[in-house]
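This report looks at how the two domains of one protein chain meet. Please view the sequence and the structure together before reading on.

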Amino acid sequence: MSETASTARAPVALLPSLAPLLHEWLPRRRWFAGKGKPVTGFALVSATELLPLSAAGPGLLHLLVRVQQPGPVTSSAPPGDCYQLLLGVCDTLPPRLSPALIGHVTRGPLAGRTVYEALQDPRLAALLLERLRSPGAIGPLSFHRTVAVPDGLTPRVLDAEQSNTSLVYGDAYILKIFRRIHPGANPDLELPLALARAGCARVPAPVAWFEAGTGPDGATLGVLQPYLRGSRDGWRLALDALAGGRDFVPEAHALGRATAEVHTALARALPTVTLARRQARDLAVAMSRRLDAATQAVPALMPYVPGLRAAFETVAALAEGGSTWRAQRVHGDLHLGQALRTPDGEWAVIDFEGEPSKPLAERRRPQPAVRDVAGILRSFDYAAHSHHPWHPEWAERCRDAYCSGYAEASGRDPRDEQALLRAYETDKAVYEVVYEARHRPDWLRVPMAAVRRLASPPGADPASPLSGRALSGRPGLSPDRRS
Ligand SMILES: Nc1ncnc2c1ncn2[C@@H]1O[C@H](COP(=O)(O)OP(=O)(O)OP(=O)(O)O)[C@@H](O)[C@H]1O
Ligand SMILES: [Mg+2]
(Lines give C-alpha, C1' and ligand atoms only; values in the text may rest on other atoms or scores of the structure.)
(Ligands and ions follow the chains in the order given, each with its own letter.)
Protein backbone atom coordinates (compact mmCIF):
# COMPACT_ATOMS: atom_id res chain seq x y z
CA MET A 1 0.00 0.00 0.00
CA SER A 2 2.15 2.87 -1.20
CA GLU A 3 1.45 6.38 -0.03
CA THR A 4 0.85 7.75 -3.51
CA ALA A 5 -2.69 8.71 -4.21
CA SER A 6 -4.23 7.48 -7.38
CA THR A 7 -7.58 7.89 -9.00
CA ALA A 8 -9.33 8.92 -12.14
CA ARG A 9 -9.60 12.52 -10.94
CA ALA A 10 -7.08 14.59 -8.99
CA PRO A 11 -7.40 13.00 -5.54
CA VAL A 12 -5.51 15.47 -3.43
CA ALA A 13 -7.90 18.13 -4.62
CA LEU A 14 -10.69 16.18 -2.92
CA LEU A 15 -9.27 16.82 0.54
CA PRO A 16 -10.44 20.46 0.84
CA SER A 17 -13.93 19.16 0.04
CA LEU A 18 -13.88 16.22 2.43
CA ALA A 19 -11.61 17.16 5.36
CA PRO A 20 -14.12 19.45 7.16
CA LEU A 21 -16.76 16.72 6.98
CA LEU A 22 -14.42 13.94 8.07
CA HIS A 23 -13.25 16.02 11.04
CA GLU A 24 -16.75 15.87 12.47
CA TRP A 25 -17.85 12.45 11.32
CA LEU A 26 -14.86 10.14 11.59
CA PRO A 27 -14.02 10.40 15.33
CA ARG A 28 -17.63 9.44 16.15
CA ARG A 29 -17.54 6.12 14.28
CA ARG A 30 -17.45 3.18 16.66
CA TRP A 31 -14.62 1.63 14.65
CA PHE A 32 -12.46 4.76 14.94
CA ALA A 33 -9.54 3.64 17.12
CA GLY A 34 -8.06 7.07 17.88
CA LYS A 35 -10.82 8.31 20.21
CA GLY A 36 -9.73 10.78 22.88
CA LYS A 37 -6.96 12.33 20.80
CA PRO A 38 -7.57 15.34 18.55
CA VAL A 39 -7.46 14.85 14.79
CA THR A 40 -4.88 17.28 13.43
CA GLY A 41 -5.15 16.50 9.72
CA PHE A 42 -5.74 14.00 6.95
CA ALA A 43 -3.60 12.62 4.13
CA LEU A 44 -5.13 10.80 1.19
CA VAL A 45 -3.45 7.46 0.53
CA SER A 46 -5.73 6.66 -2.36
CA ALA A 47 -9.04 7.76 -3.84
CA THR A 48 -10.85 5.59 -6.37
CA GLU A 49 -14.14 6.21 -8.09
CA LEU A 50 -15.96 2.87 -8.06
CA LEU A 51 -18.88 4.69 -9.68
CA PRO A 52 -18.18 8.02 -11.41
CA LEU A 53 -18.91 11.07 -9.28
CA SER A 54 -19.98 13.04 -12.31
CA ALA A 55 -22.95 10.85 -13.28
CA ALA A 56 -26.55 11.93 -12.72
CA GLY A 57 -27.07 9.35 -9.93
CA PRO A 58 -24.91 8.88 -6.84
CA GLY A 59 -21.17 8.28 -7.21
CA LEU A 60 -19.19 5.83 -5.12
CA LEU A 61 -15.84 6.98 -3.83
CA HIS A 62 -13.39 4.57 -2.20
CA LEU A 63 -10.86 6.29 0.07
CA LEU A 64 -7.86 5.25 2.09
CA VAL A 65 -7.21 8.14 4.44
CA ARG A 66 -4.42 8.54 6.92
CA VAL A 67 -5.66 10.33 10.04
CA GLN A 68 -3.05 12.47 11.73
CA GLN A 69 -3.18 12.55 15.53
CA PRO A 70 -0.61 13.41 18.18
CA GLY A 71 1.38 10.36 19.27
CA PRO A 72 4.76 8.66 19.06
CA VAL A 73 6.31 8.80 15.61
CA THR A 74 8.16 5.71 14.47
CA SER A 75 10.65 5.73 11.65
CA SER A 76 9.14 2.62 10.04
CA ALA A 77 5.58 3.83 9.46
CA PRO A 78 4.00 7.10 8.38
CA PRO A 79 2.29 8.83 11.32
CA GLY A 80 -1.38 8.13 11.96
CA ASP A 81 -3.76 5.26 11.29
CA CYS A 82 -5.03 4.54 7.80
CA TYR A 83 -8.80 4.03 7.44
CA GLN A 84 -10.93 2.67 4.64
CA LEU A 85 -13.99 4.79 3.77
CA LEU A 86 -16.71 4.24 1.21
CA LEU A 87 -18.51 7.48 0.45
CA GLY A 88 -21.61 8.12 -1.60
CA VAL A 89 -21.66 11.46 -3.39
CA CYS A 90 -24.95 12.87 -4.70
CA ASP A 91 -26.77 16.13 -5.40
CA THR A 92 -29.79 15.48 -3.18
CA LEU A 93 -29.92 12.77 -0.55
CA PRO A 94 -33.22 10.84 -0.60
CA PRO A 95 -35.01 11.13 2.80
CA ARG A 96 -34.72 7.36 3.42
CA LEU A 97 -30.93 7.77 3.44
CA SER A 98 -30.86 10.77 5.80
CA PRO A 99 -29.41 8.69 8.71
CA ALA A 100 -26.41 8.02 6.42
CA LEU A 101 -25.65 11.73 5.89
CA ILE A 102 -22.04 12.75 6.47
CA GLY A 103 -22.43 16.36 5.32
CA HIS A 104 -22.85 18.95 2.61
CA VAL A 105 -19.66 20.04 0.88
CA THR A 106 -18.98 23.76 0.80
CA ARG A 107 -15.49 23.86 -0.71
CA GLY A 108 -13.26 22.30 -3.33
CA PRO A 109 -14.20 20.19 -6.34
CA LEU A 110 -17.23 18.60 -4.65
CA ALA A 111 -18.74 21.92 -3.49
CA GLY A 112 -22.53 21.82 -3.54
CA ARG A 113 -22.72 18.03 -3.34
CA THR A 114 -23.78 15.81 -0.47
CA VAL A 115 -21.59 13.07 0.99
CA TYR A 116 -23.03 10.06 2.83
CA GLU A 117 -22.17 6.55 4.03
CA ALA A 118 -22.23 4.48 0.88
CA LEU A 119 -22.67 1.13 2.63
CA GLN A 120 -26.06 2.30 3.94
CA ASP A 121 -27.27 2.78 0.38
CA PRO A 122 -28.44 -0.59 -1.02
CA ARG A 123 -27.65 0.54 -4.59
CA LEU A 124 -24.02 1.30 -3.75
CA ALA A 125 -23.63 -1.74 -1.48
CA ALA A 126 -24.92 -3.87 -4.39
CA LEU A 127 -22.36 -2.25 -6.67
CA LEU A 128 -19.56 -3.29 -4.34
CA LEU A 129 -20.72 -6.90 -4.63
CA GLU A 130 -20.81 -6.49 -8.41
CA ARG A 131 -17.14 -5.47 -8.31
CA LEU A 132 -16.32 -8.58 -6.28
CA ARG A 133 -18.23 -10.76 -8.72
CA SER A 134 -16.05 -9.60 -11.60
CA PRO A 135 -12.34 -9.91 -10.77
CA GLY A 136 -9.99 -7.23 -12.01
CA ALA A 137 -8.36 -3.95 -11.07
CA ILE A 138 -9.75 -0.45 -10.69
CA GLY A 139 -6.99 2.04 -10.02
CA PRO A 140 -5.00 0.76 -7.03
CA LEU A 141 -7.74 -1.68 -6.01
CA SER A 142 -7.90 -5.29 -7.17
CA PHE A 143 -10.81 -7.69 -6.82
CA HIS A 144 -10.44 -11.48 -6.57
CA ARG A 145 -12.72 -14.47 -6.23
CA THR A 146 -12.41 -18.23 -5.84
CA VAL A 147 -15.89 -19.24 -7.04
CA ALA A 148 -18.77 -17.60 -8.89
CA VAL A 149 -21.01 -15.46 -6.71
CA PRO A 150 -24.68 -15.06 -7.67
CA ASP A 151 -26.01 -11.60 -8.49
CA GLY A 152 -29.13 -9.83 -7.30
CA LEU A 153 -28.53 -10.43 -3.58
CA THR A 154 -30.10 -7.78 -1.35
CA PRO A 155 -27.57 -6.10 0.96
CA ARG A 156 -28.03 -5.01 4.56
CA VAL A 157 -25.49 -3.56 6.97
CA LEU A 158 -24.99 -5.70 10.05
CA ASP A 159 -25.91 -3.86 13.23
CA ALA A 160 -23.16 -5.41 15.33
CA GLU A 161 -20.87 -3.79 17.85
CA GLN A 162 -17.71 -4.33 15.83
CA SER A 163 -14.40 -2.77 14.92
CA ASN A 164 -15.06 -3.18 11.18
CA THR A 165 -18.24 -2.97 9.10
CA SER A 166 -19.99 -6.08 7.76
CA LEU A 167 -22.66 -6.34 5.08
CA VAL A 168 -24.91 -9.34 4.62
CA TYR A 169 -26.01 -10.10 1.05
CA GLY A 170 -29.26 -12.04 0.69
CA ASP A 171 -28.54 -13.95 3.91
CA ALA A 172 -26.09 -15.93 1.76
CA TYR A 173 -22.79 -14.03 2.10
CA ILE A 174 -21.18 -11.66 4.55
CA LEU A 175 -18.68 -9.02 3.42
CA LYS A 176 -16.35 -7.67 6.08
CA ILE A 177 -14.97 -4.25 5.23
CA PHE A 178 -11.83 -3.68 7.28
CA ARG A 179 -11.69 -0.19 8.68
CA ARG A 180 -8.15 0.22 10.01
CA ILE A 181 -5.86 -0.76 7.18
CA HIS A 182 -2.35 -2.09 7.65
CA PRO A 183 0.07 -2.96 4.86
CA GLY A 184 0.28 -6.71 4.32
CA ALA A 185 -2.10 -9.66 4.14
CA ASN A 186 -4.73 -9.59 6.84
CA PRO A 187 -4.80 -12.92 8.74
CA ASP A 188 -8.61 -12.79 8.49
CA LEU A 189 -8.14 -13.57 4.78
CA GLU A 190 -4.88 -15.48 4.95
CA LEU A 191 -5.89 -18.05 7.58
CA PRO A 192 -9.42 -18.87 6.34
CA LEU A 193 -7.97 -19.26 2.82
CA ALA A 194 -5.27 -21.62 4.10
CA LEU A 195 -7.85 -23.56 6.13
CA ALA A 196 -10.18 -23.88 3.14
CA ARG A 197 -7.31 -25.18 1.01
CA ALA A 198 -6.48 -27.67 3.77
CA GLY A 199 -10.08 -28.91 3.72
CA CYS A 200 -11.00 -27.61 7.17
CA ALA A 201 -14.73 -26.83 7.16
CA ARG A 202 -14.78 -25.15 10.60
CA VAL A 203 -14.20 -21.72 9.07
CA PRO A 204 -16.36 -20.09 6.38
CA ALA A 205 -14.17 -20.22 3.26
CA PRO A 206 -13.48 -16.84 1.58
CA VAL A 207 -15.21 -16.66 -1.79
CA ALA A 208 -13.99 -13.19 -2.81
CA TRP A 209 -11.85 -10.34 -1.49
CA PHE A 210 -10.34 -7.05 -2.52
CA GLU A 211 -7.08 -5.33 -1.72
CA ALA A 212 -5.04 -2.20 -2.31
CA GLY A 213 -1.64 -2.54 -3.95
CA THR A 214 0.20 -5.76 -4.58
CA GLY A 215 3.05 -7.80 -3.15
CA PRO A 216 4.06 -7.73 0.51
CA ASP A 217 2.79 -4.17 0.85
CA GLY A 218 -0.64 -5.00 -0.57
CA ALA A 219 -3.34 -4.46 2.05
CA THR A 220 -6.47 -6.58 2.46
CA LEU A 221 -9.55 -4.34 2.35
CA GLY A 222 -12.51 -6.73 2.49
CA VAL A 223 -13.44 -10.43 2.51
CA LEU A 224 -16.66 -12.11 1.33
CA GLN A 225 -17.56 -15.38 3.06
CA PRO A 226 -20.66 -17.58 3.29
CA TYR A 227 -23.12 -16.24 5.85
CA LEU A 228 -24.01 -18.86 8.46
CA ARG A 229 -27.72 -18.11 8.59
CA GLY A 230 -29.45 -18.79 11.90
CA SER A 231 -26.18 -19.24 13.80
CA ARG A 232 -25.70 -17.87 17.33
CA ASP A 233 -22.43 -16.97 18.96
CA GLY A 234 -20.99 -18.89 21.88
CA TRP A 235 -21.18 -15.94 24.27
CA ARG A 236 -24.95 -15.58 23.88
CA LEU A 237 -25.43 -19.36 24.04
CA ALA A 238 -23.38 -19.58 27.22
CA LEU A 239 -25.38 -16.77 28.84
CA ASP A 240 -28.64 -18.46 27.80
CA ALA A 241 -27.46 -21.71 29.34
CA LEU A 242 -26.60 -19.93 32.60
CA ALA A 243 -29.92 -18.07 32.64
CA GLY A 244 -31.76 -21.36 32.10
CA GLY A 245 -29.75 -23.11 34.83
CA ARG A 246 -28.21 -25.41 32.22
CA ASP A 247 -24.74 -26.83 31.87
CA PHE A 248 -22.71 -25.93 28.82
CA VAL A 249 -20.62 -29.09 28.94
CA PRO A 250 -21.56 -30.74 25.61
CA GLU A 251 -21.18 -27.39 23.81
CA ALA A 252 -17.82 -26.70 25.48
CA HIS A 253 -16.61 -30.17 24.60
CA ALA A 254 -17.63 -29.74 20.95
CA LEU A 255 -16.00 -26.30 20.88
CA GLY A 256 -12.78 -27.85 22.18
CA ARG A 257 -12.91 -30.35 19.32
CA ALA A 258 -13.57 -27.55 16.79
CA THR A 259 -10.67 -25.47 18.12
CA ALA A 260 -8.36 -28.47 17.91
CA GLU A 261 -9.41 -29.18 14.32
CA VAL A 262 -8.63 -25.59 13.35
CA HIS A 263 -5.26 -25.69 15.12
CA THR A 264 -4.32 -29.03 13.57
CA ALA A 265 -5.19 -27.78 10.09
CA LEU A 266 -3.27 -24.51 10.61
CA ALA A 267 -0.21 -26.41 11.82
CA ARG A 268 -0.33 -28.59 8.71
CA ALA A 269 -0.98 -25.75 6.27
CA LEU A 270 1.41 -23.07 7.54
CA PRO A 271 4.89 -23.00 9.05
CA THR A 272 5.48 -24.01 12.64
CA VAL A 273 8.50 -23.18 14.77
CA THR A 274 9.97 -24.38 18.04
CA LEU A 275 10.11 -21.99 20.95
CA ALA A 276 13.31 -22.66 22.84
CA ARG A 277 15.22 -20.79 25.51
CA ARG A 278 15.55 -17.36 23.89
CA GLN A 279 12.00 -17.16 22.51
CA ALA A 280 10.44 -18.44 25.74
CA ARG A 281 12.48 -15.91 27.71
CA ASP A 282 11.36 -13.12 25.37
CA LEU A 283 7.77 -14.23 25.81
CA ALA A 284 8.07 -14.23 29.60
CA VAL A 285 9.81 -10.84 29.59
CA ALA A 286 7.10 -9.32 27.40
CA MET A 287 4.38 -10.65 29.71
CA SER A 288 6.26 -9.37 32.74
CA ARG A 289 6.58 -5.92 31.17
CA ARG A 290 2.86 -5.84 30.47
CA LEU A 291 2.28 -6.73 34.13
CA ASP A 292 4.51 -3.82 35.23
CA ALA A 293 2.67 -1.38 32.97
CA ALA A 294 -0.68 -2.72 34.16
CA THR A 295 0.34 -2.31 37.81
CA GLN A 296 1.26 1.32 37.13
CA ALA A 297 -2.17 1.85 35.62
CA VAL A 298 -4.11 -0.17 38.24
CA PRO A 299 -2.28 -0.17 41.60
CA ALA A 300 -4.83 -2.69 42.98
CA LEU A 301 -2.71 -5.31 41.19
CA MET A 302 0.30 -4.56 43.39
CA PRO A 303 -0.17 -7.25 46.09
CA TYR A 304 -0.52 -9.94 43.43
CA VAL A 305 2.52 -9.03 41.32
CA PRO A 306 4.97 -11.61 42.80
CA GLY A 307 2.46 -14.44 42.36
CA LEU A 308 1.52 -13.37 38.86
CA ARG A 309 5.12 -12.89 37.80
CA ALA A 310 5.88 -16.41 39.01
CA ALA A 311 3.69 -17.74 36.18
CA PHE A 312 5.95 -16.03 33.63
CA GLU A 313 9.16 -16.95 35.45
CA THR A 314 8.12 -20.61 35.49
CA VAL A 315 8.00 -20.60 31.68
CA ALA A 316 11.43 -18.96 31.45
CA ALA A 317 12.85 -21.42 34.00
CA LEU A 318 11.44 -24.43 32.13
CA ALA A 319 13.06 -23.12 28.96
CA GLU A 320 16.37 -22.68 30.77
CA GLY A 321 16.03 -26.34 31.77
CA GLY A 322 15.64 -27.38 28.15
CA SER A 323 11.85 -27.42 27.67
CA THR A 324 10.61 -26.39 24.25
CA TRP A 325 7.16 -25.61 22.88
CA ARG A 326 5.68 -25.75 19.41
CA ALA A 327 4.42 -22.49 17.94
CA GLN A 328 2.13 -22.18 14.94
CA ARG A 329 -0.34 -19.78 13.39
CA VAL A 330 -3.27 -19.32 15.76
CA HIS A 331 -6.51 -17.37 15.90
CA GLY A 332 -4.96 -14.80 18.22
CA ASP A 333 -8.12 -13.34 19.76
CA LEU A 334 -10.27 -16.36 20.49
CA HIS A 335 -13.22 -15.97 22.83
CA LEU A 336 -16.79 -17.28 22.95
CA GLY A 337 -18.01 -14.43 20.74
CA GLN A 338 -15.78 -15.70 17.91
CA ALA A 339 -17.47 -19.11 17.80
CA LEU A 340 -20.76 -19.47 15.93
CA ARG A 341 -23.06 -22.46 16.43
CA THR A 342 -24.99 -23.26 13.28
CA PRO A 343 -28.59 -24.54 13.40
CA ASP A 344 -27.28 -28.08 12.76
CA GLY A 345 -25.26 -27.87 15.98
CA GLU A 346 -21.77 -27.45 14.50
CA TRP A 347 -19.29 -24.87 15.75
CA ALA A 348 -17.63 -22.51 13.28
CA VAL A 349 -14.81 -20.12 14.12
CA ILE A 350 -14.71 -16.57 12.73
CA ASP A 351 -12.61 -13.39 12.83
CA PHE A 352 -8.97 -14.43 12.46
CA GLU A 353 -7.77 -10.82 12.51
CA GLY A 354 -6.03 -11.29 15.85
CA GLU A 355 -5.83 -8.30 18.16
CA PRO A 356 -6.34 -5.31 15.85
CA SER A 357 -4.31 -3.05 18.16
CA LYS A 358 -1.16 -5.14 17.57
CA PRO A 359 1.04 -4.66 14.48
CA LEU A 360 0.28 -7.06 11.63
CA ALA A 361 3.76 -8.62 11.72
CA GLU A 362 3.27 -9.54 15.38
CA ARG A 363 -0.21 -10.95 14.74
CA ARG A 364 1.11 -13.16 11.94
CA ARG A 365 3.91 -14.64 14.05
CA PRO A 366 3.61 -18.33 15.09
CA GLN A 367 2.49 -18.68 18.70
CA PRO A 368 1.68 -21.57 21.04
CA ALA A 369 -1.82 -22.92 20.41
CA VAL A 370 -2.61 -22.72 24.13
CA ARG A 371 -2.82 -18.97 23.71
CA ASP A 372 -6.20 -19.51 21.98
CA VAL A 373 -7.19 -22.08 24.60
CA ALA A 374 -6.47 -19.53 27.34
CA GLY A 375 -8.74 -17.03 25.53
CA ILE A 376 -11.70 -19.42 25.62
CA LEU A 377 -11.03 -20.41 29.23
CA ARG A 378 -11.12 -16.76 30.28
CA SER A 379 -14.34 -16.43 28.33
CA PHE A 380 -16.07 -19.19 30.33
CA ASP A 381 -15.09 -17.31 33.46
CA TYR A 382 -16.58 -14.06 32.18
CA ALA A 383 -19.81 -15.85 31.27
CA ALA A 384 -20.04 -17.49 34.71
CA HIS A 385 -19.47 -14.14 36.44
CA SER A 386 -22.10 -12.36 34.40
CA HIS A 387 -24.73 -14.51 36.07
CA HIS A 388 -25.94 -13.99 39.65
CA PRO A 389 -25.28 -15.83 41.82
CA TRP A 390 -21.83 -16.60 40.48
CA HIS A 391 -21.32 -20.29 39.61
CA PRO A 392 -17.57 -20.95 39.56
CA GLU A 393 -18.19 -24.66 39.13
CA TRP A 394 -20.13 -23.95 35.89
CA ALA A 395 -16.95 -22.48 34.39
CA GLU A 396 -14.84 -25.29 35.82
CA ARG A 397 -16.99 -27.90 34.10
CA CYS A 398 -16.82 -25.94 30.84
CA ARG A 399 -13.06 -25.62 30.89
CA ASP A 400 -12.64 -29.28 31.72
CA ALA A 401 -15.00 -30.34 28.92
CA TYR A 402 -13.37 -27.92 26.48
CA CYS A 403 -9.87 -29.24 27.21
CA SER A 404 -11.08 -32.85 26.99
CA GLY A 405 -12.71 -32.18 23.61
CA TYR A 406 -9.53 -30.47 22.43
CA ALA A 407 -7.42 -33.43 23.59
CA GLU A 408 -9.70 -35.98 21.90
CA ALA A 409 -9.51 -34.24 18.54
CA SER A 410 -5.83 -33.33 18.55
CA GLY A 411 -4.16 -35.88 20.78
CA ARG A 412 -2.68 -33.00 22.82
CA ASP A 413 -4.28 -32.01 26.10
CA PRO A 414 -3.82 -28.28 26.75
CA ARG A 415 -3.70 -29.08 30.49
CA ASP A 416 -0.42 -30.90 29.86
CA GLU A 417 1.10 -27.54 28.93
CA GLN A 418 0.07 -26.17 32.27
CA ALA A 419 2.87 -23.66 32.77
CA LEU A 420 2.38 -22.00 29.41
CA LEU A 421 -1.40 -22.07 29.70
CA ARG A 422 -1.19 -20.46 33.12
CA ALA A 423 1.14 -17.77 31.76
CA TYR A 424 -1.25 -16.96 28.91
CA GLU A 425 -4.26 -16.90 31.22
CA THR A 426 -2.37 -14.61 33.57
CA ASP A 427 -1.31 -12.30 30.75
CA LYS A 428 -4.90 -12.13 29.53
CA ALA A 429 -6.34 -11.49 33.00
CA VAL A 430 -3.85 -8.67 33.52
CA TYR A 431 -4.90 -7.12 30.21
CA GLU A 432 -8.55 -7.46 31.25
CA VAL A 433 -7.89 -5.68 34.56
CA VAL A 434 -6.54 -2.64 32.72
CA TYR A 435 -9.36 -2.72 30.18
CA GLU A 436 -12.10 -2.98 32.81
CA ALA A 437 -10.54 -0.33 35.06
CA ARG A 438 -10.57 2.05 32.11
CA HIS A 439 -13.82 1.21 30.41
CA ARG A 440 -16.14 -0.88 32.59
CA PRO A 441 -15.27 -0.51 36.29
CA ASP A 442 -18.33 -2.60 37.22
CA TRP A 443 -16.64 -5.59 35.58
CA LEU A 444 -13.28 -5.14 37.28
CA ARG A 445 -14.22 -7.74 39.90
CA VAL A 446 -14.19 -10.47 37.19
CA PRO A 447 -10.51 -10.31 36.18
CA MET A 448 -9.52 -9.34 39.74
CA ALA A 449 -11.03 -12.61 40.98
CA ALA A 450 -8.96 -14.42 38.35
CA VAL A 451 -5.87 -12.46 39.36
CA ARG A 452 -6.29 -13.54 42.98
CA ARG A 453 -6.49 -17.19 41.97
CA LEU A 454 -3.70 -17.01 39.41
CA ALA A 455 -1.42 -15.32 41.93
CA SER A 456 -1.68 -18.26 44.31
CA PRO A 457 0.75 -21.12 43.69
CA PRO A 458 -0.35 -23.83 41.24
CA GLY A 459 -2.20 -26.57 43.05
CA ALA A 460 -3.12 -24.23 45.90
CA ASP A 461 -6.02 -22.71 43.99
CA PRO A 462 -8.83 -22.92 46.53
CA ALA A 463 -11.57 -22.65 43.88
CA SER A 464 -10.17 -25.25 41.57
CA PRO A 465 -11.35 -28.82 41.88
CA LEU A 466 -8.70 -29.57 39.26
CA SER A 467 -5.77 -28.72 41.51
CA GLY A 468 -2.84 -30.95 40.99
CA ARG A 469 -3.37 -31.34 37.28
CA ALA A 470 -4.60 -27.98 37.65
CA LEU A 471 -5.65 -25.07 35.66
CA SER A 472 -5.48 -22.40 38.25
CA GLY A 473 -6.90 -19.58 36.24
CA ARG A 474 -10.31 -18.62 35.09
CA PRO A 475 -11.63 -18.35 31.59
CA GLY A 476 -13.29 -15.38 29.92
CA LEU A 477 -14.66 -13.35 27.07
CA SER A 478 -12.03 -10.90 26.02
CA PRO A 479 -13.56 -7.75 27.39
CA ASP A 480 -13.39 -5.96 24.09
CA ARG A 481 -16.71 -4.99 22.66
CA ARG A 482 -19.18 -7.59 23.78
CA SER A 483 -21.24 -8.12 26.88
N1 LIG B 1 -19.84 -16.15 8.41
C2 LIG B 1 -20.70 -15.57 9.26
N3 LIG B 1 -21.99 -16.01 9.37
C4 LIG B 1 -22.86 -15.43 10.22
N5 LIG B 1 -22.56 -14.37 10.99
C6 LIG B 1 -21.30 -13.90 10.93
C7 LIG B 1 -20.31 -14.48 10.08
N8 LIG B 1 -19.16 -13.79 10.24
C9 LIG B 1 -19.42 -12.84 11.15
N10 LIG B 1 -20.69 -12.89 11.57
C11 LIG B 1 -21.35 -12.00 12.54
O12 LIG B 1 -20.80 -10.72 12.39
C13 LIG B 1 -20.25 -10.27 13.63
C14 LIG B 1 -19.01 -9.45 13.35
O15 LIG B 1 -18.06 -10.26 12.68
P16 LIG B 1 -16.52 -10.18 13.04
O17 LIG B 1 -16.31 -10.64 14.44
O18 LIG B 1 -15.79 -10.90 11.97
O19 LIG B 1 -16.29 -8.62 12.91
P20 LIG B 1 -15.20 -7.71 13.63
O21 LIG B 1 -15.40 -6.35 13.09
O22 LIG B 1 -13.86 -8.29 13.50
O23 LIG B 1 -15.70 -7.77 15.13
P24 LIG B 1 -14.84 -7.43 16.45
O25 LIG B 1 -14.75 -5.96 16.53
O26 LIG B 1 -15.70 -8.03 17.54
O27 LIG B 1 -13.50 -8.09 16.32
C28 LIG B 1 -20.01 -11.52 14.43
O29 LIG B 1 -20.10 -11.30 15.80
C30 LIG B 1 -21.11 -12.45 13.95
O31 LIG B 1 -22.26 -12.24 14.70
MG1 LIG C 1 -12.21 -8.48 14.79
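## The interface between the two domains

In this predicted model, the centres of domain 1 and domain 2, taken over C-alpha atoms, are separated by 33 Å. The protein chain is divided so that domain 1 spans residues 11–226, while domain 2 spans residues 232–482.

The table gathers the values that describe how these domains meet.

| Item between domain 1 and domain 2 | Value |
|---|---|
| Residues of domain 1 in contact with domain 2 | 24 residues |
| Residues of domain 2 in contact with domain 1 | 23 residues |
| Buried area | about 2,000 Å² |
| Share of the buried area from carbon and sulfur atoms | 57% |

On the side of domain 1, P187, L191 and R202 lose the most area to domain 2, and together these residues account for 33% of what that side buries.

Polar and charged interactions also link the domains. Six salt bridges are counted between domain 1 and domain 2, and ten residue pairs, both members at pLDDT 80 or more, are in polar contact between them. The side chains of R329 and E190 meet in a salt bridge, with a distance of 3.0 Å from N to O.

Which helix gives the most to the side of domain 1 that touches domain 2? Helix α3, formed by residues 187–197, gives the most to that side, with seven residues. The residues of the side of domain 1 that touches domain 2 divide into twelve nonpolar, six polar and six charged.

Methods
Residues numbered from 1 in each chain as written. Chains lettered and ligands numbered in written order. Predicted model: local features only at pLDDT ≥ 70, side-chain atom pairs only at ≥ 80, totals over all residues. Heavy atoms only, no water. Domains from an automatic or database assignment. Contact = heavy atoms within 4.5 Å. Buried area = accessible area lost by both parts, 1.4 Å probe. Salt bridge = Lys/Arg side-chain N within 4 Å of Asp/Glu carboxyl O. Polar contact = N/O pair within 3.5 Å; in protein donor to acceptor, adjacent residues only side chain to side chain. Helix = DSSP H or I, 4+ residues; strand = E, 2+ residues; numbered from the N terminus. Nonpolar A, V, L, I, M, F, W, Y, C, P; charged D, E, K, R; others polar.
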